[in-house]
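The following exercises ask the reader to interpret a structural model step by step. Each task is followed by a worked solution.

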Amino acid sequence: MAIGIGLRQVQDALERKAVQVQNEFIRISEELEDLGRKLLESEEEERRRIREEQQKLRVRQQEVAEEVNLWRKRAREVLRQPGVGSLRAYLHELL
């Protein structure tokens with residue numbers, strides 16, 4: 001039973017990490033929205049710079065989305081390990 005409680009705590013920690021990373025995703029989304037508004041109000045030279053910045057943020061946003069999925073997958077897999085040996089190996093891999 002103590003192992004189950006410990007695993008739940010590990011799972012919760014991994015979920016908290018996923019939420020932290022998801023918050024970065026949300027921040028990037030808000031930045032993209034702001035840039036979209038600025039794009040409408042800007043001169044041609046400024047538009048080119050804004051589009052470049054948008055592209056960089058979109059790439060970063062995709063990376064962050066993949067990281068969120070990774071942390072969520074790790075959280076799910078903590079409780080799915082079939083035995084003590086595989087659980088130890090999985091936890092060692094997380095470290």
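**Exercise 1. Confidence**

Task: Determine in which helix the confidence of the protein chain is lowest and in which it is highest.

Solution. The mean pLDDT is lowest in H3, at 88, and highest in H2, at 96. The model is a predicted one, and the chain as a whole has a mean pLDDT of 93. Of its residues, 98% reach 70 or more. As a general caution, predicted coordinates should not be read in detail where pLDDT is low.

**Exercise 2. The span of helix H2**

Task: State how the reach of H2 from its first C-alpha to its last compares with the expected value, and list the buried residues of this helix.

Solution. Step one concerns length: H2 comprises 35 residues. At 1.5 Å a residue, a span of 51 Å is expected. The model gives 51 Å between the first and last C-alpha atoms, close to that expectation.

Step two concerns burial, for which the cut-off is a relative accessible area under 20%. The residues of H2 that satisfy it are Ile50, Gln54, Leu57, Gln61, Val64, Val68, Trp71, Ala75 and Val78.

**Exercise 3. The nonpolar core**

Task: Identify which elements give two or more residues to the largest nonpolar core, and which gives the most. Then describe the surroundings of Ile28 and Val64.

Solution. The largest nonpolar core has 17 residues, and those touching the most other members are Leu14, Val21, Ile28, Leu57, Val64, Trp71 and Val78. Helix H1 (2-41), helix H2 (44-78) and helix H3 (84-94) each give two or more residues to this core. The greatest contribution, eight residues, comes from H1. In soluble globular proteins, nonpolar side chains tend to be buried together.

Ile28 is situated in helix H1. With a relative accessible area of 1%, Ile28 falls under the 20% limit and is therefore buried. Beyond its neighbours within four places in sequence, Ile28 contacts Leu57, Arg60, Gln61 and Val64.

Val64 can be treated in the same manner. When residues up to four places away in sequence are not counted, Val64 touches Val21, Glu24, Phe25 and Ile28.

**Exercise 4. Two pairs at one sequence separation**

Task: For the pairs Ile28 and Glu67, and Arg37 and Arg76, state how far apart the C-alpha atoms lie.

Solution. Ile28 and Glu67 are 39 residues apart in sequence, and their C-alpha atoms are 14 Å apart in space. Arg37 and Arg76 are likewise 39 residues apart along the chain, yet their C-alpha atoms are separated by 38 Å. Arg37 belongs to helix H1 and, at a relative accessible area of 46%, is partly exposed.

**Exercise 5. Salt bridges**

Task: Establish which parts of the chain the salt bridge of Glu15 and Arg72 ties together, and where the pairs Arg49 with Glu53 and Glu63 with Arg60 lie.

Solution. The structure contains 11 salt bridges. In one of them, the side chains of Glu15 and Arg72 meet at 3.7 Å, N to O. Glu15 is in helix H1 and Arg72 in helix H2, so this pair ties together parts that are 57 residues apart in sequence. Glu15 is partly exposed at 27% relative accessible area, as is Arg72 at 25%.

Arg49 and Glu53 form a salt bridge at 2.7 Å, N to O. Their positions are four residues apart in helix H2, so about one helical turn separates them. Both are partly exposed, Arg49 at 37% and Glu53 at 30%.

Glu63 pairs with Arg60, the closest N and O atoms lying 3.4 Å apart. These two residues are three apart in helix H2, about one turn of the helix. Glu63 has a relative accessible area of 41% and is partly exposed; Arg60, at 30%, is also partly exposed. Glu63 and Arg60 further belong to a network of salt bridges that links them with Glu24, Arg27 and Glu31.

**Exercise 6. The loop residue Ser42**

Task: Decide whether Ser42 is buried or exposed, and name its contacts.

Solution. Ser42 is located in the loop between H1 and H2. Its relative accessibility is 11%, under the 20% limit, so Ser42 counts as buried. A polar atom of the Ser42 side chain lies 3.2 Å from the backbone oxygen of Leu39. Apart from neighbours within four places in sequence, Ser42 is in contact with Arg47 and Ile50.

Note on methods:
Residues are numbered from 1 along each chain as its sequence is written. This is a predicted model: local features need pLDDT of at least 70, side-chain atom pairs count only at pLDDT 80 or more; totals for chains, interfaces and linings use all residues. Side-chain values use heavy atoms; hydrogens and water are left out. A nonpolar core is a set of buried Ala, Val, Leu, Ile, Met, Phe, Trp, Tyr and Cys residues joined through side-chain atoms within 4.5 Å. Buried means under 20% relative accessible area, exposed over 50%, partly exposed in between (1.4 Å probe, protein chains only). Contact means heavy atoms within 4.5 Å. A polar contact is a pair of N or O atoms within 3.5 Å; within protein, one must be able to donate a hydrogen and the other to accept it, and residues adjacent in sequence count only if both atoms are side-chain atoms. A salt bridge is a side-chain nitrogen of Lys or Arg within 4 Å of a carboxyl oxygen of Asp or Glu. The expected span of a helix is 1.5 Å times one less than its number of residues. pLDDT is the predictor's confidence in each residue, from 0 to 100.
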